[in-house]
Amino acid sequence: MDEQAVAVHEDSAVEDAAAVPAAPAAAKKTAVRTRAPKAAPRVASKSPAKDLRILEQPGFVLHSWPYKETSLIIDVLTRDHGRIALVAKGAKRPHSQLRSVLQTFQPLQLGWTGKGEIRTLTTADWVGGMLPLEKSALLCGFYLNELLVKFLMRDEAHPDLFDLYVSTLNQLAHDEPATIVLRRFEFALLRESGLLGDLTRCTQQRERVQTEQFYVLDPERGPRPAMPADSVPRVSGKTLLAMQRGDYTEQSTQLQSKLLMRFLLAHHLHGAALNTRQILIDLQNL
């Protein structure tokens, strides 16, 4: 296939018909009509072993790196198929239209083929409709992408998280407070990854968290009452309840949730550094 081609759209119904065993003409038409309703569910399948051709899938480029002399490997977040890796053939060539399309924070319609760990990009169309990220908002965007790459497993769909990612980019582009926008995203990411449970219940007493009491959050077990010997962040029950609601309007909630999220992310990353996070801390004290 010519690597300079941006996209080759093929009719999936033709491929389905080709897969039907040879038979007399009348019988063959009947078989095609019988299989047609199954085409759409098969395209939407979450199993990489069955994903032969995907068309018009909303997605974003999270990260890319060179592959051979003229191509790229792109790590993308898609709405219905989660995080996947694609090879963009010819994307590094000087006149390839893919060079301007495969940019981070650009809403795309993607198509690909294949069933291996790295599949082949077949279409990439720019959708538009979003403001570009600039200055500190751009750095926050790269922080979101780094979190997604480190925390999301491949081929696991997270449509709600995808929608939140789009919303978060829009909020950053419109200069909404990064300290609030990022905390909401971090919280949702840990919940979607199965790493954060209900913050409204104390795991030891199985009682509801009390607003005036202070707690520590065990990364594996959840909230428990704080003790004098604890060296991890102490947060009030009021903050835990506010985080569960997504309410970060109070300064105390912003401060305590920042320290708590920094602790939880470091724990689940097993000490691995978040490059963009450190830059954000240095520049904005987030």
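**Entry 1: strands E6, E7 and E8**

I began in strand E8, where I found Ser236 as the bridge partner of Phe214. I note here that the model I am reading is a predicted one. Phe214 opens the range of strand E6, residues 214-218, which pairs with E8, residues 235-236, in the antiparallel sense over two bridges. I then looked up the pairing of E6 with strand E7, residues 222-225, and recorded an antiparallel arrangement over four bridges. Within that pairing, Tyr215 has Pro225 of E7 as its bridge partner, and the connection from E6 to E7 is a hairpin through three residues.

**Entry 2: the barrel**

Next I traced the closed barrel, which has five strands in the order E1-E2-E3-E5-E4 and mixed pairing. From one strand to the next I noted an average twist of 55°. For the pairing of E1, residues 53-67, with E4, residues 108-113, I wrote down five bridges in the antiparallel sense, and I took Ile54 as an example, since its bridge partner in E4 is Trp112.

**Entry 3: helices lying across the strands**

I looked at helix H5, residues 135-151, and found that it lies across E1, E2 (71-78) and E3 (82-88), with a direction at about 100° to E1. Helix H6, residues 159-173, lies across E1 and E2 and runs at about 65° to E1.

I then checked the length of H6: its 15 residues reach 21 Å from the first C-alpha to the last, close to the 21 Å expected at 1.5 Å a residue. Which residues of H6 are buried? I listed Leu161, Phe162, Tyr165, Thr168, Leu169, Gln171, Leu172 and Ala173, and I followed the packing of these buried residues to E1, E2, H5 and helix H7 (178-192). After H6 comes Asp175, for which I noted a positive phi, near 65°.

**Entry 4: helices H8 and H9**

My last item was the pair formed by H8, residues 237-245, and H9, residues 251-268, whose axes come within 10 Å and cross at roughly 85°. The two helices, H8 and H9, are therefore roughly perpendicular to each other. On the H8 side the contact is made by Thr239, Leu240, Ala242 and Met243, and on the H9 side by Ser252, Thr253, Gln256, Ser257, Leu260 and Met261. Sorting the residues of this contact of H8 with H9 by character, I recorded five nonpolar, five polar and no charged.

Technical notes: Residues numbered from 1 in each chain as written. Predicted model: local features only at pLDDT ≥ 70, side-chain atom pairs only at ≥ 80, totals over all residues. Heavy atoms only, no water. Axes fitted to C-alpha atoms, helices over the stretch in contact; angles between N-to-C directions. Parallel < 35°, antiparallel > 145°, perpendicular 65-115°, else oblique. Contact = heavy atoms within 4.5 Å. Nonpolar A, V, L, I, M, F, W, Y, C, P; charged D, E, K, R; others polar. Pairing = 2+ DSSP bridges. Expected span 1.5 Å × (residues − 1). Buried < 20%, exposed > 50% of the residue type's maximum accessible area, 1.4 Å probe, protein only.
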